[in-house]
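The questions below move through one protein chain, from the confidence of the model to its core and its empty spaces. Please keep the sequence and the structure in view while reading.

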Amino acid sequence: MVTAVRHLGPNWYASVMGTAIVATAGAGLPLHLPGLRTACTAVWALSLAMLLTLLAARTLHWTHHRDQARAHLLDPAMAPFYGCLAMALLAVGGGALVVGRDWIGLRAAVALDTVLFGAGTLIGLTAAVAVPYLMAVRHKVHPSQATPVWLLPVVAPMVSAALGPLLVPHLPPGQPRETLLLACFAMFGLSLLATLLMLPLVFARLVTGGPLPLALTPTLFLVLGPLGQSTTAVGKFADFAPGALSAPYAQGFSLLAVLYGVPVMGFALLWLGLATAHVVHARRRGMRFTMTWWAFTFPVGTCVTGAESLAHHTGLAVYDGLAMVLYGVLVAAWATAAVHTARGLVSGALLAGPRPAPVALRPVTARTT
């Protein structure tokens, strides 16, 4: 077991995020199918089990393979995935209040979410500062190396912004509720502005440098994360502001939910089309399964919750339809990634170290006499 986790990187937390979002997004659908909520709760329980297992495995990794763990931090391709740790904690914690409370009770759900939200927010804010610092000081990256993976550490505070309001009603009225809600709004701004700084680098690399390497092509879906999550966040602000803020500000958040969410969701659909086209192109060129396929799950899930929020605040059936279509895509992507991951774990291929590059033999000229 200790040897098996040597090459277990922080990118594995993406599987927890992708599983948890299937549960929370499904609970908000405008469907009332028998057993749907129970199925969502079961998926959330699976995400909780995955999180606990992965935390234990990563603890072994840091304890027994500290050299490899430090190498991950100094690798510009791997270090941004530390944002996934924060988002995994937050996603499972938020799911506890959305669906997990059906099985564990409201009090336990609030306690679990409080712990996971606090830890996830602290780690997310740390990653949002530490990873860009390492990129500037230690990694020495070049603009040609820009990929959507760079967005991961700065998106983590946006997940806190979207899920933090769920805890607002469980705080005492007055300043505690107002403080948490405005803190979430501050993290919304922090993440949004950081994303606006980083995204042009990614888009410029894509346009001027050509398609991403085949294994990294699915990461184009990561751009949907800050778009869908920010739309979800402004909707949550509008939902919980009336119990935390005075009337003018509460009404302002209701306006923001629509005036911000509608155009951003429009851009998300544009990017979804662009990313899908790149994936189809890469698939034709021989793209095979890697752990980057989990990028098809959580970002799409945030667009589902964003569409559900817009449906609630606009009353338009078109957003209900959009949420259901995107949820179908999410479930299909999750099932595909989960099956391939299970196969890779059973075979050991996903936990194996990187293969050494083949060494070319020097040509030999035979002497003739």
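A pocket here is an open set of grid points with protein on both sides within 12 Å along at least five of seven lines, and its lining residues have an atom within 4 Å of a point.

Q: Which residues lie nearest the centre of the largest pocket?
A: This is a predicted model, and its largest pocket has a volume of about 1,100 Å³. The lining of this pocket is made up of 46 residues. Those that lie nearest its centre are Asn11, Met78, Thr290, Met291 and Thr292.

Q: Which helix gives the largest share of the lining of the largest pocket?
A: Several helices take part, since at least two residues each are supplied by H1 (13-27), H3 (66-73), H4, H6 (152-163), H8 (224-240), H10 (298-314) and H11 (317-347). By class, the lining has 29 nonpolar, 15 polar and 2 charged residues. The largest share, 3 residues, comes from H3.

Q: How many residues does H4 give to the lining of the second largest pocket?
A: The second largest pocket has a volume of about 650 Å³, and of the 28 residues that line this pocket, Thr24, Gly28, Val98, Leu166 and Lys236 are the closest to its centre. Helices H1, H4, H6, H8 and H10 each supply at least two residues of the lining. H4 gives the most, and its contribution is 6 residues.

Q: How many charged residues are in the lining of the second largest pocket?
A: The lining can be sorted by class, and in this pocket 13 residues are nonpolar while 10 are polar. The charged residues in the lining number 5.

Q: What volume does the largest cavity have?
A: A search of the whole structure finds 1 cavity of 30 Å³ or more. The residues that line the largest cavity are Pro211, Leu212, Leu214, Thr217, His278, His281, Ala282 and Arg285, and by class they divide into 4 nonpolar, 3 polar and 1 charged. The space in this cavity is about 30 Å³.

Q: Which helix supplies the largest share of the largest nonpolar core?
A: This core holds 115 residues, and the members that touch the most others are Cys84, Met87, Val92, Phe188, Phe237 and Tyr327. The largest share of the core amounts to 12 residues, and these come from helix H4 (residues 82-104).

Q: Which residues does Cys84 touch, not counting those up to four places away in sequence?
A: Cys84 is one of the core members that touch the most other members. Once residues up to four places away in sequence are left out, the contacts of Cys84 are Pro10, Tyr13, Ala14, Met17 and Leu152.

Q: Is Thr195 buried or exposed?
A: Thr195 is found in helix H7 (residues 175-209), and beyond four places in sequence this residue touches Leu151, Val154, Val155, Pro200 and Pro226. The cut-off for buried is under 20% relative accessible area. Because the relative accessible area of Thr195 is 6%, this residue is buried.

Q: Is Lys140 buried or exposed?
A: Lys140 sits in the loop between helix H5 (106-139) and H6, and its phi is near 55°, a positive value in a residue other than glycine. A residue counts as exposed over 50% relative accessible area. Because its relative accessibility is 61%, Lys140 is exposed.

Q: Over which residues does pLDDT stay under 50?
A: The mean pLDDT of the chain is 91, and 95% of its residues reach 70 or more. There is nevertheless a stretch with 0 contacts beyond four places in sequence, where pLDDT stays under 50, and this stretch is residues 357-369.

Note on methods:
Residues are numbered from 1 along each chain as its sequence is written. This is a predicted model: local features need pLDDT of at least 70, side-chain atom pairs count only at pLDDT 80 or more; totals for chains, interfaces and linings use all residues. Side-chain values use heavy atoms; hydrogens and water are left out. A nonpolar core is a set of buried Ala, Val, Leu, Ile, Met, Phe, Trp, Tyr and Cys residues joined through side-chain atoms within 4.5 Å. Buried means under 20% relative accessible area, exposed over 50%, partly exposed in between (1.4 Å probe, protein chains only). Helices (H or I, at least four residues) and strands (E, at least two) are DSSP runs, numbered from the N terminus. Contact means heavy atoms within 4.5 Å. On a 1 Å grid over the protein atoms alone, a cavity is a set of points where a 1.4 Å probe fits but cannot get out, and a pocket is an open set with protein on both sides within 12 Å along at least five of seven lines; lining residues have an atom within 4 Å of a point. Grid points are joined across faces, edges and corners, and a volume is the space filled by probe spheres set on the points. Ala, Val, Leu, Ile, Met, Phe, Trp, Tyr, Cys and Pro count as nonpolar, Asp, Glu, Lys and Arg as charged, and the others, Gly among them, as polar. pLDDT is the predictor's confidence in each residue, from 0 to 100.
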